[in-house]
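Trainee: I would like to go through the labels on this model and ask what backs each one.
Mentor: Good. Ask away.

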Amino acid sequence: MTDTGELTFRRVHAAPPELLFDCMTRPEHLTHFWGPTGTTTPLDGIVVDLRPGGAFETTMVNERDGSSHTMRATYVEVDRPHRLVWIEPESRGGMKTTVTFHPLDDGRTEVVTHQTNVPAAFRAAEAQAGFQTSLDRFAAYLERATS
Amino acid sequence: MPTDELSLVFAALADPTRRAILERLARGDATVNQLAEPFAMSQQAVSKHIKVLEKARLVQRTRAAQARPCVLDTVRLEVAASWIAEHRRVWADRYDRLDEHLARLGANGEETR
């Protein structure tokens with residue numbers, strides 16, 4: 001695996017890893033928070049077959065015009081409550097998302113979301129020039145360069 | 001900005017020498033000579049890198065002075081940065097809503113700890 005086209009997102013939540021893992025893998029939880037802002041994710045549009053090779057699909061419905069978009073992914077690793085990995089084969093390059101759950105001493109949990117093969121413009125740039133820098137390092141660099 | 005223009009920006013930024021050139025220009029305008037100084041490479045090689053940066057419209061070269069100093073054009077950098085920010089926002093928003101969902105679970109008397 002190359003380390004191109006990466007994005008890492010870290011967030012601390014006030015909940016134990018088990019509950020956070022369940023929130024990310026149970027339709028009755030996902031329906032409350034999954035879709036991007038301006039969309040809803042109806043319960044009947046969520047498919048979770050929680051095993052390696054199993055399907056993870058979410059249909060996100062645009063609140064304004066009712067149009068919908070379905071994310072189709074396949075679970076690669078399922079290790080409650082530590083690690084969850086899925087791949088979206090339809091996205092260009094097969095975007096892989098790895099979510100890891102790290103319990104903190106104070107009862108909270110750090111959730112680290114790591115994506116590789118991030119598509120679109122970034123992906124195209126990589127194909128052209130062999131992009132060697134992670135999105136995060138790049139973003140930090142841009143901040144310095146434009147400040 | 002169309003995707004292929006953004007691709008030019010990302011491709012231009014893919015090279016460490018070109019990133020170093022931009023960082024130098026972020027501190028102030030510089031001539032090709034001045035830019036070439038810290039690198040163990042010919043002025044021609046540096047000029048090639050600057051052409052790539054110009055094509056991506058990350059750098060402008062003024063016509064007025066004979067030395068033609070290079071000037072950082074931050075507009076494209078900001079567009080590239082906002083593209084990244086948008087991608088991150090999807091996850092930020094998602095985890096914001098997860099927190100709200102967790103708070104509701106707590107309020108309903110269910111175990112959150």
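Trainee: What makes β7(A) and β8(A) a hairpin, and what is the phi of Gly107(A) in the turn?
Mentor: This is a predicted model. In it, five residues lie between β7(A) and β8(A). Gly107(A) has a positive phi of about 90 degrees.

Trainee: How do you know that β7(A) and β8(A) pair?
Mentor: Pairing needs at least two bridges. Eight bridges join these antiparallel strands, so they pair. One of the bridges links Phe101(A) to Val111(A).

Trainee: What makes β6 and β7 of chain A a pair?
Mentor: The cut-off is again at least two bridges. β6 (residues 83-88) and β7 (residues 95-103) have six, in the antiparallel sense. They therefore count as paired. Arg83(A) has Thr100(A) as its partner in β7(A).

Trainee: Which peptide bond is cis, the one before Pro81(A), and what is its omega?
Mentor: The bond joining Arg80(A) and Pro81(A) is cis, with omega about -5 degrees. Pro81(A) sits in the loop between β5 and β6 of chain A.

Trainee: Why is Cys23(A) called buried?
Mentor: The label needs 20 or more other C-beta atoms within 10 Å. Cys23(A) has 21, so it is buried. This residue is in helix α1 of chain A. Beyond its neighbours within four places in sequence, Cys23(A) contacts His29(A), Leu98(B) and His101(B).

Trainee: Why is Arg57(B) only called partly exposed?
Mentor: Exposed means 12 or fewer, buried means 20 or more. Arg57(B) has 17 within 10 Å, so it falls in between. Its phi is positive, near 60 degrees, though it is not glycine.

Methods: Residues are numbered from 1 along each chain as its sequence is written. Chains are lettered from A and ligands numbered from 1 in the order in which they are written. This is a predicted model: local features need pLDDT of at least 70, side-chain atom pairs count only at pLDDT 80 or more; totals for chains, interfaces and linings use all residues. Helices (H or I, at least four residues) and strands (E, at least two) are DSSP runs, numbered from the N terminus. Two residues are in contact if their C-beta atoms, placed from the backbone, lie within 7 Å.
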